[in-house]
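Q: I would like to learn how to read contacts and burial in a protein model. Could we work through one together?

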Amino acid sequence: MIRGLWDRETVALMLLAAILPVAVTWLVIEGPWALARLGFFLLVAGLWHVLWMLARAQPPSFAGALTALALAMLAPEDLGIFALVLGTSFGVVMAELAFGGWGRNILNPATVALAFLGFSFPASGWPGLAIPVGWAVIPAALIGAAFGVISARLLLGALAVMALAALAGIPFPDKLAIYGVVLVLLVADPVTSATTALGRWLNGALYAALALMFAAYWTGAHPVQLAVSAALLTSLAAPLLDEIAIALWLTLRRRRLG
Amino acid sequence: MPWLFRSGLEVSLADTPPAPGTVERAITEEAALTATPEEDFRVEPLVAKDDFVAQGAPVLRSRRDPRVVVTAPMPARVAGIDLGPGHRLTRMRFFHEDSAGRHTHEVGDAAGDSDALRALLLGSGLWTQIRSRPFGRFPDPDEEPAAIFVMAVDTRPLAPDPRRALDHEFGALERGLRALTLLTGGPIHLCQPPGEDLVGPARVSQRLKVVKVAGAHPWGLAGFQIHRHFPAEIGRPVWELHAEDVAAIGDLLATGLVNDTRLVSVSGPAMRSARLVRCQPGADLRGLTWHDVKPGPHAILSGSALEGRESQWLTGRDRQVTVIDPDRHGPRPHWFLSALKRASRPLPLIPSAALEQATGGALPAMSLLRALSAGDSETAVKLGALSLLSEDLTLADYVSGADPSLSRLLDAMLARIAAEEAI
């Protein structure tokens, strides 16, 4: 008879609130140019949301702002307007709206858009993120985990792999800030990451492992490309990780209950 | 930091008056036996309008199985019997008449013989207080359960403490539990709050297992305890009883009388002060609430704020009455927004820690809920849906604001499975 409040838009707003430290740090450091860039991506993503609302009766979501923020921070800087509109539209439409909107998509629209831009314009200049933006990832992760919209297990899985790598003497990639931003903005998206407890540990661990591997063996690529590729492969593997976790859960349960 | 690892959620209702310290006895002037169309309870009345019936005397008999009877909730005059198409019970009303007295049942050797006990439970109407999972109906008279769960814990918001209902009746509970051992060859789980055992296995049977329930809601629901300790399956039914009903079985065996009251909490944000009453089953909720309700419009629910239904009578196995403001949903949204919302049903479920805790972290919540939304009964059964009933998912409904509601989806899925299995 009574209704709680954790519906889709609440989660989207909580995610926005969690990401706020990263967004504000980035805007303060990069200045008005970044603000204009963010406005541009908000406009393109918002336009598609409104178009799909009018044409397909699909309610727009605040999650579109998360996509716009990720693209503003990570999309190549020297591309023309046309290329950016094309990439953003591909991500927002093909990865999110065509599936029925945020909550039904299987891949994060920003991940798809960035991968699309990376494949289409391999020679473009990728942005670097200032070190303070990387530090701002920590409060963002803490806020998200405290409100339960970012999985703490996923973050800990990634941290565990990093710790193992540090113990094994594997060198960390440079520009760690980029990997952190991609982790909280793209990999930890609750909709497209794994949903079981074990699956989330594996999800975070897989992202960190792929990122370390790409950084070690994929020469000539920019860290953004490495991180986005790792994020893309991880979210493609998320259903598989869930299946593994559920199969294991069922086996243990059968053994315990007979 | 035990709170960090405690699973489940506390649902608190704002402006709710505190629970009272004393229990009062309140027999309302009217009472009714009701059934919903979904229950499809087809009956034959054993009494006529204006007949006087003693408390505990049979008044209705099931047409499906004449061994199942329902008894009068109080000494009364029959005020009216409303049957729907196909003799389905809609409502049978009673007026309180003290002179009608109480009916004494012939106990015989029911305390030692399984068949006699079944006959006694069926004849006294206590049988219909048992719930069998999967599917949540009262069991077939010949069904033998694989396990029985006795719930002496209730974590629903504002629910009365079942230990309070048992005050000084641990002897009756013990007798009742001993009787239950005759009905099953499997284990009997007594779910109770942490602390000293209410009744230990040494006093009843080695098959009695005491389960200490530490988590918050939904862990005090039988569904999650059954899911965790002894999952129900088709062909392996699990019964569930409230501890107060088990004590009632113990009393019945000792005295031949059916308990005439149950402990009910009357509370909610629209009450000036909360009450804890012992009232008859099927009590008139207006009679229980009228002098304590805040002025203005309100809705009276039989059950908790989560799974309760608006009702005039205390229905089924409910042990609480919640009075809420009907207008909690705020002003009506703009027509365009509601049309958009309707167009995108079923609304997507976004995984969040709150939604996970709404199933107590007992199962892969998102996979189960997505299987329910998609109507994938095979996956849902694999993940344990047969142990659950609609009330078990009302917390997930509350948390996520799901539309259509997950509990209704589970109901529909269970009905479909039951039809497929021809049960």
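A: Gladly, and let us begin with a definition: a salt bridge is a side-chain nitrogen of Lys or Arg within 4 Å of a carboxyl oxygen of Asp or Glu. Keep in mind that this is a predicted model.

Q: How many salt bridges does that rule find across the interface of chain A and chain B?

A: The rule finds two salt bridges across the interface of chain A and chain B. In one of them, the side chains of R153(A) and E356(B) meet at 3.6 Å, N to O. The count of residue pairs in polar contact between chain A and chain B, both at pLDDT 80 or more, is seven.

Q: Which helices of chain A each supply at least two residues of the side that touches chain B?

A: They are α1 (8-30) and α10 (223-257) of chain A. The largest share comes from α10(A), with six residues. Sorted by class, the side of chain A that touches chain B has 16 nonpolar, six polar and eight charged residues.

Q: What area is buried between chain A and chain B?

A: Buried area is the accessible area that two parts lose on being put together, summed over both. Between chain A and chain B that comes to about 3000 Å², and carbon and sulfur atoms give 63% of it. The contact takes 30 residues from chain A and 43 residues from chain B.

Q: Now for contacts inside one chain. Into which domains is chain B divided?

A: Chain B has domain 1 (29-100), domain 2 (114-255) and domain 3 (335-420). Taken over C-alpha atoms, the centres of domain 1 and domain 2 of chain B are separated by 25 Å. Seven residues from domain 1 of chain B and eight residues from domain 2 of chain B take part in their contact.

Q: Which three residues of domain 1 of chain B supply more of the area buried against domain 2 of chain B than any other three?

A: Start with the total: domain 1 and domain 2 of chain B bury about 640 Å² between them, with 61% on carbon and sulfur atoms. On the side of domain 1 of chain B, R67(B), V68(B) and V69(B) supply 65% of the buried area.

Q: Where is the salt bridge between these domains, and how many polar contacts go with the interface?

A: The rule finds one salt bridge across the interface of domain 1 and domain 2 of chain B. The side chains of R67(B) and D142(B) meet in a salt bridge at 3.0 Å, N to O. Two residue pairs are in polar contact between domain 1 and domain 2 of chain B, both at pLDDT 80 or more. The touching side of domain 1 of chain B divides into four nonpolar, one polar and two charged residues.

Q: Let us turn to single residues. Is T184(B) buried or exposed?

A: Buried means under 20% relative accessible area. T184(B) has a relative accessible area of 4%, so T184(B) is buried. T184(B) is in the loop between α4 (170-180) and β11 (188-192) of chain B. Its side chain reaches the backbone nitrogen of G186(B) at 2.8 Å. Not counting residues up to four places away in sequence, T184(B) touches E144(B), P145(B), A146(B), A147(B), I148(B) and R207(B).

Q: What covers the buried residues of α2(B)?

A: The buried residues of helix α2 (residues 114-124) of chain B include L117(B), R118(B) and L121(B). Their cover includes β6 (69-71), α4, β13 (238-242) and α6 (243-255) of chain B. Just after α2(B), G125(B) takes a positive phi of about 80°.

Notes:
Residues are numbered from 1 along each chain as its sequence is written. Chains are lettered from A and ligands numbered from 1 in the order in which they are written. This is a predicted model: local features need pLDDT of at least 70, side-chain atom pairs count only at pLDDT 80 or more; totals for chains, interfaces and linings use all residues. Side-chain values use heavy atoms; hydrogens and water are left out. Domain bounds come from an automatic or database domain assignment. Contact means heavy atoms within 4.5 Å. Buried area is the accessible area (1.4 Å probe) that two parts lose on being put together, summed over both. A polar contact is a pair of N or O atoms within 3.5 Å; within protein, one must be able to donate a hydrogen and the other to accept it, and residues adjacent in sequence count only if both atoms are side-chain atoms. Ala, Val, Leu, Ile, Met, Phe, Trp, Tyr, Cys and Pro count as nonpolar, Asp, Glu, Lys and Arg as charged, and the others, Gly among them, as polar. Helices (H or I, at least four residues) and strands (E, at least two) are DSSP runs, numbered from the N terminus. Buried means under 20% relative accessible area, exposed over 50%, partly exposed in between (1.4 Å probe, protein chains only).
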